[in-house]
Structures are given as structure tokens and as C-alpha cells.
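Hi there,

Here is the structure I promised to pass on to you. Have a look at it first, and then read on for what turned up in it.

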Amino acid sequence: MRTETDRRLTTDLTRLRNLGILAHVDAGKTTVTERILYATGTTHKRGEVHDGTTVTDFDSQERDRGITIFAAAVSCDWRGHRVNLIDTPGHVDFADEVERSLRVLDGAIAVFDAVAGVEPQSESVWRQADRYGVPRIAFVNKMDRAGADLDTAVESIRRRLHPAPLVVQLPIGAEDGFRGVVDLLRMRALLWDDGTFQEGPVPRESADEAGRRRRALEETVAGLHAGAMDEYCTRSTLSDGTLASALRDLTRSGDGLVVLCGSAYRNRGIEPLLDAVVSWLPAPVDVPPVRGEYDGTAQERPADPEAPLAALAFKVTATARGRLTYVRIYSGTIEKGDHVWDPVARRGERVGRILRVQADRHAELERAGAGDIVAVIGLKSARPGSTLCAPGSPLVLEPPTSAEPVVSVAVEARRSTETGRLATALARLAEEDPSLAVRTDPETGQTVLSGMGELHLEVAVEKVRRDAGLDVNVGRPRVAYRETVVRGVSGLVHRHVKQDGGAGQFAHVVLDVQPMDDDGTGAGAPTGFAFATTVVGGRVPQEYVRAVEAGCRDALAEGPVGGYPVTGLRVTLTDGATHSKDSSEMAFRTAGRLALREALRACVTVVLEPVAEVTVTVPEDAVGAVLGDLAARRGRVTGSVARAGSAVLTATVPLAELFGYATRLRSRTQGRGTFTARPVGYARVPSGAALAG
């Protein structure tokens, strides 16, 4: 049954917010989400991560491991606004879940640990949000922890993320004595006691500091906002209304970052955080119209329920209710029983049911309109990134990018009779998670599952075991090596001539093959592929040029050194010739493939390996042992920072050397060391280094 809020949102999109919770693992994202649900009356009992009672971490693996693995969507109401909230994973192995979520969000809450400040994955998800232009507000969590310091955390935000922090609260009490905040906009105290929330005057002992910080906030805002500057120059101060309006503008433009603080675990600071969400983060009508294209023509669709339908599928999951496709509706309206069009797959789909999502619980809707995020049952072919549109108004929206897998394992069913079931289960996994890839090794015949890290693959295999009830054998992890060219060749000539009765094949191509780097040295571990043509006079028609490029891309699958995929090179078609009868696209595609293979054998080629930035937090007395171990793993230390009796080491380490590192780190630090790793690209494998797997 539709709620009153649902009915209002059909016509008032200004009261809708679509936002995500972003942070490093263990910064408190899920706890913040649980407290939001509790504060809004959506739940009547506070869920706890350590008890396995959270709403959003409902998967059995999430509760067993105590981390968020799958992005979970929930909805709640606050002060007449509908808030669609997505709790995203914090572990780097599941960064693709964050990427797909950010693609459909209008705003985000970035959660930071008040002791650790900006951590490695905090920085990664911040950059992801930058790519999609998602406005953010910051919540400095865990203010009740020993060593918590708001100013230090804000300084790390300023130093590492480079926004202009606009701190709108002053903590009352410190560490275990943290009991509330001073709201610097309205100059009032917000106090929490055993979960109850009270407003009052600013405590006398905080009045001077609150006044000083309010003036500093006004000065910073005036320096960033033209309208606020006019008032500040006239009155030497800002009114509450002008300050609030300027904060909203700066948040939505990304020129400023509003910073709040609290302790989600103790339920302190959640209500003002929700007020900040509805006050400063944008509604669907506040963001630019979504852009797409069809048949080479760019189009825009506004957030209007009466406009033609344009929606993006960003998550697919199998449940007991059926195949759920999570969609963000950018324009138009979807009704139960509607027929929609997938312009990429070029097929129609029927909407069986529409659901308002509450993590693993759902409420059925008759219709959903522009700006909303819902789940749909009945779509058979939609994948994450698919566009759904009105049959008479086709449009293709840009899908979220998907990272290339860097770690692989061989998987096989223990009983040969279950091989078919395993193939079906793995195909379903890859359908739900585009960052997983399944292939068959042509040499060994093994099924190979590739993903973003060891934990990513562990979770995927365990999902197969639990959901499909299969016993699975898993091989050792292997990294995804690549090959690249460090010295190219020019003017390589290849003639493809074939005549065996009937129509023949003729294609003549001349290729230049060079590294992506302009200086030709191959430094910086280049990745990617670029194709260009300098053929003039129509010697090679355009359709044949495209065929040559396709053939070159075919040749990238296997390099000359170790048979690894090739990356980081630029191919230029400089000349060619055709035959009036025997030339065809197939002939030129074959010529392109064979020519590039021949060219690669003539080039100087090296092997690349994926590398990760590792951040290790260890006690000071264990620094020497940990540094020695990193050096033995071919790690290059890039930074070291002392922090309250511990050291934070940053190093670049080959991914192949990190298998099993968690166990080794625990043994060298008596269980007190922790680390995080995030892929940062590729580097040349040193001569003499053994390749893993």
C-alpha cells in the first residue's frame, strides 16, 4: 500500500533525497544507517553490527564477517521528506558496488573516524564520488573514542581530500565524556542522554569557543560564496538565513563540505545529520537533467514524471521473490504491468511488480515516478548498467564503469555430476556482479573465476556454496598479469591473401605499433589501447579501417611473452590496399589480427603485474619487523606517520606478494597490526622475479 509520502512525492520531487553512505571499512557506515532508520521510526530497535542484528547487513556472510559486502537500499521519512538511502561497502574489494551506487545517487554522507581521520578507502570512495559529481556532507563519527579529535580529523580531510571544510558544530565534551554539540548556525546546544535528545542554550564554558568558531565559519563561507560576501562586507556578519542558504549552495556545487560530528553507536548526532541531509543535499530536481544518446544523437531528460521514461538498472540480485532489478528512475513513470524497452539489448520487458525496498524486506507499489529508486520484478535480460526507457522514446544512459579483475582462482565441482549446476551458479554470480568474470582456461579446461581481490573471491565462492548448495574445490589465487610494449616497430607490412575456390580474401595493411607513452620508453606501466589511421586517398575504406581495429583488438588477448593480455600500446594504420572483388571486412579483420601479432613478436615486450597501495597500522615496537617483511615482498615504502603509540606505514606492493599477508602481519605484531590494500595500477615485473600461478 502506498504511503502518504509516496503520494506527495508524485508531485513534489523537492521532498525526495537519494543518498549513499560512503566510508572506509569500520568507520561506522552501517551503524550510521541503522541509527537513521531508528531515528526516523522506520525500525523500533537499534540494530548492532557486532550482534548481527542490522537491517542493511542482512546477508549471512555480512553478519558472519561483520562487514558490508553488498550495497543495500532502504527508505525512510524525515520531516516530510522521503530519503532513499544506500549503505555501500567499505572494503576495497567491493569498490564496484560503490561505483554502481554512486552512479544513481544525488548526494552522499561521507563518514570518517574521529581518531583515524581520512583512511585509504575513504580517499578512494571520495575520488569515485568526484567522478560522478556527487555532492557530499561529512559526518565525523566515533567522537566518544579515546583519542577522538574533530579538528585533527577535519585537518586530514582538508589535507588529503582538498575540499573546503565548513564545520557547523562544536563538540560538547571529549572522548568518553562526549555528550552533545553546539549548533553553530542557530547557536544552540544539542544534548543526548540515554538516547533522548534535548535542545538548550549554549553551555557557559563553550560560549566563547562557539562564538569564535561561528565567526570563522562566516568568514570562510563569505570567501566562497558571492552572495554571502556581499552581506558580510555590509554587516561584518551573516544572518542565519544567509549562512544556511550559502551552505546549501556550496554543498550542491561542491565548493564546500559541511562537517558534522557525533557518535552513531551511542545514538548522538543523528537528528542534526538528517536535518543537514534534507537542508543541504540536492533533490532530483536540483541536479542537471540526465544525459544520454541514441543513434548518435545526444538527449536530455528532466526529472519530470510526465516526461518519457528513462531509468537505469544498477543492481541485480536473485531472491526468494524472484529476480530483483534495482532501478533509478530519472524521468517518466513506471507502473505495474508496463512494457519497457532495453535499447542496448533491443528487446522489450514487462514490469511484473514494483517494490519499495527495505534491505531484505519489500513493500509493493502500483507505480513509481521520476527521481525514485525502486526494485522491479519481471525483467529477464536487464543487467547492471542497462537502460530502461519508453518504447517510443529510446535513450541509452551511460552505464557505471566496471573495474578490470586482478585476481583469479580455478573452481570446480567436487562431483562431476554437478559441473552444470556450478556453471549456472557462476553465470548468475557474474550477472549480478559485473566485477566478477568467469572463463574457461583454453589450456587446462578449468573454470576460472576472476575478481577484485582475495576477499571478493572468497565471498563469491561461499555464495555459490550456500545459495546453490554445491561443494566446490578452489585453486590458489593467481594475479592478472599483462604484457606491454616498451619499444615498438614502424612500417610493418602484412598481406592477407587466401584463394581456395570461390570468392577469395585480400587485405593489405601497414601498421606502426608504439607504446602509449610519447617518449617510447614504456615508463609508468601504461594501460589501455589506442587505434588511429593516417591513410589518405581512400586507399582503405572506412568500414575496412574499423575491421582492422577490431582485428587488432582480437590480437590483444594473448601476448608473445607469456600469453597474457596486451595493454598500453598505440596502433596506427598508415597504409593499405584493397582488391575490387576479394576484399571484405572479414579479410581486413583477419589481416589486422595477424599483423598485430607479427608486430608484437618484433617489438620489445615486458610483463606487467598489478600493484596495490598498502596502508599498515602497527604498534611502534613492531615497525622494524613489518618494514623488513614489506621489503621481502618487493614493497616500496612511500610514507610513515606516527599516531598515538602506533605507526601508519604506506607502501606500494605487488599484488602477488600480498596473498596470505594478513596472517603474516598478525604473527609479526601479536595480532595488533591491521592493513588495507587498494589496487593502483600496473608495474613492470623485475627481471628474475618469479610469476605467481
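Let me start with two neighbouring topics, domain 2 and domain 3: their C-alpha centres lie 29 Å apart. Please keep in mind that this is a predicted model.

For orientation, the protein chain is divided into five parts: domain 1 covers 13-206 + 254-280, domain 2 covers 290-397, domain 3 covers 407-475, domain 4 covers 482-602 and domain 5 covers 607-684.

Now to the interface of domain 2 and domain 3. Contact involves six residues on the domain 2 side and four residues on the domain 3 side. About 430 Å² of area is buried between domain 2 and domain 3, and carbon and sulfur atoms give 49% of that.

What about charges and polar groups? Two salt bridges are counted between domain 2 and domain 3. A salt bridge also joins the side chains of Arg383 and Glu431, with an N to O distance of 3.6 Å. As for polar contacts, one residue pair is found across the interface of domain 2 and domain 3, with both residues at pLDDT 80 or more. On the side of domain 2 that touches domain 3, strand β14 (residues 310-319) gives the most, with three residues. Sorted by class, that side of domain 2 has three nonpolar residues, one polar residue and two charged residues.

Stepping back to the whole protein chain, you will find 16 helices and 38 strands. The radius of gyration of the chain is 28 Å, close to the 26 Å that the globule rule gives for 693 residues, so the chain is as compact as a globular protein of that length. Its C-alpha trace spans about 95 × 65 × 65 Å along the principal axes.

One last spot to look at is Val202, which sits in the loop between β10 (196-200) and α7 (204-224). Val202 and Met187 are 15 residues apart along the chain, and their C-alpha atoms are separated by 6.7 Å. Leaving aside residues up to four places away in sequence, Val202 touches Val182, Met187, Arg188, Ala189, Ala207 and Ala210.

Happy browsing, and best wishes!

Conventions
Residues numbered from 1 in each chain as written. Predicted model: local features only at pLDDT ≥ 70, side-chain atom pairs only at ≥ 80, totals over all residues. Heavy atoms only, no water. Domains from an automatic or database assignment. Contact = heavy atoms within 4.5 Å. Buried area = accessible area lost by both parts, 1.4 Å probe. Salt bridge = Lys/Arg side-chain N within 4 Å of Asp/Glu carboxyl O. Polar contact = N/O pair within 3.5 Å; in protein donor to acceptor, adjacent residues only side chain to side chain. Helix = DSSP H or I, 4+ residues; strand = E, 2+ residues; numbered from the N terminus. Nonpolar A, V, L, I, M, F, W, Y, C, P; charged D, E, K, R; others polar. Rg over C-alpha atoms; globule rule 2.2 N^0.38 Å.
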